Amino acid sequence: MYQLNFNGFQLYDPRLEELTIRDVSVHLAVDEAGSLSFTIDHDHPFVGQLTRLKGRLELLADGLPIFRGRILSDVQNFDLSRTVEAEGQLACLNDSIVPPFDFPADYEDDPEYEGADNVVAFFLGKLLEAHNAQVTEEQQIKLGQVTVSDPNNYIARSSTD
């Protein structure tokens with residue numbers, strides 16, 4: 001069973017007639033932000049709660065989130081319904097700037113680097129730390145489980161732009 005929520009408001013639940021949406025399209029992908037779009041009628045009880053670029057839209061499948069994102073556009077149609085388009089949470093990485101770096105040279109004096117079990121997880125953590133310091137709480141991204149490792153630290157990572 002699918003459900004769609006926005007900032008604590010339930011927009012869609014198949015068990016409740018008043019919580020319906022239509023023309024739903026979801027694009028889920030690996031290494032991409034993904035997208036979601038739907039049409040919501042003008043008399044939906046929570047249509048007035050939708051805000052662009054603020055808040056979190058979450059699509060659940062059997063209680064588990066399969067899409068999280070933010071509303072990019074909310075266009076009113078001829079019949080007063082609204083067509084809503086959203087981008088996935090990963091697109092929030094476009095909202096920050098990571099300063100130039102050279103890894104591992106810039107981090108060799110960092111005590112966390114010396115004790116890191118996985119330098120890839122350490123590096124990704126530093127990137128997300130820089131991102132999260134520049135954005136709002138709802139745009140922040142938490143580091144998940146990192147399964148890639150570089151035990152010999154051979155992979156060079158740097159950005160001069």
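How much accessible surface does the protein have, and what share of it belongs to carbon and sulfur atoms? The accessible surface (Shrake-Rupley method, 1.4 Å probe) comes to about 10,200 Å², and 50% of it belongs to carbon and sulfur atoms. The model is a predicted one, in which local features need pLDDT of at least 70 and side-chain atom pairs count only at pLDDT 80 or more, while totals for chains, interfaces and linings use all residues. Residues are numbered from 1 along each chain as its sequence is written, and side-chain values use heavy atoms, with hydrogens and water left out.

Turning to the overall form, the protein has 2 helices and 9 strands (DSSP runs, H or I of at least four residues for helices and E of at least two for strands, numbered from the N terminus), in the order β-β-β-β-β-β-β-β-α-α-β. The C-alpha atoms fill a box of roughly 60 × 30 × 20 Å along the principal axes.

Now to the interior. Buried residues (under 20% relative accessible area, 1.4 Å probe, protein chains only) account for 35% of the 161 residues. The largest nonpolar core (buried Ala, Val, Leu, Ile, Met, Phe, Trp, Tyr and Cys joined through side-chain atoms within 4.5 Å) has 15 residues, and Leu4, Leu11, Leu36, Phe38, Ile40, Leu50 and Leu57 touch the most other members. Strands S1 (2–6), S4 (35–40), S5 (57–61), S6 (64–76) and S7 (82–88) each give two or more residues to this core, with the largest share, 3 residues, coming from S4. A second, separate core of 7 residues includes Phe101, Phe103, Tyr107 and Tyr113.

Methods. Buried means under 20% relative accessible area, exposed over 50%, partly exposed in between (1.4 Å probe, protein chains only).
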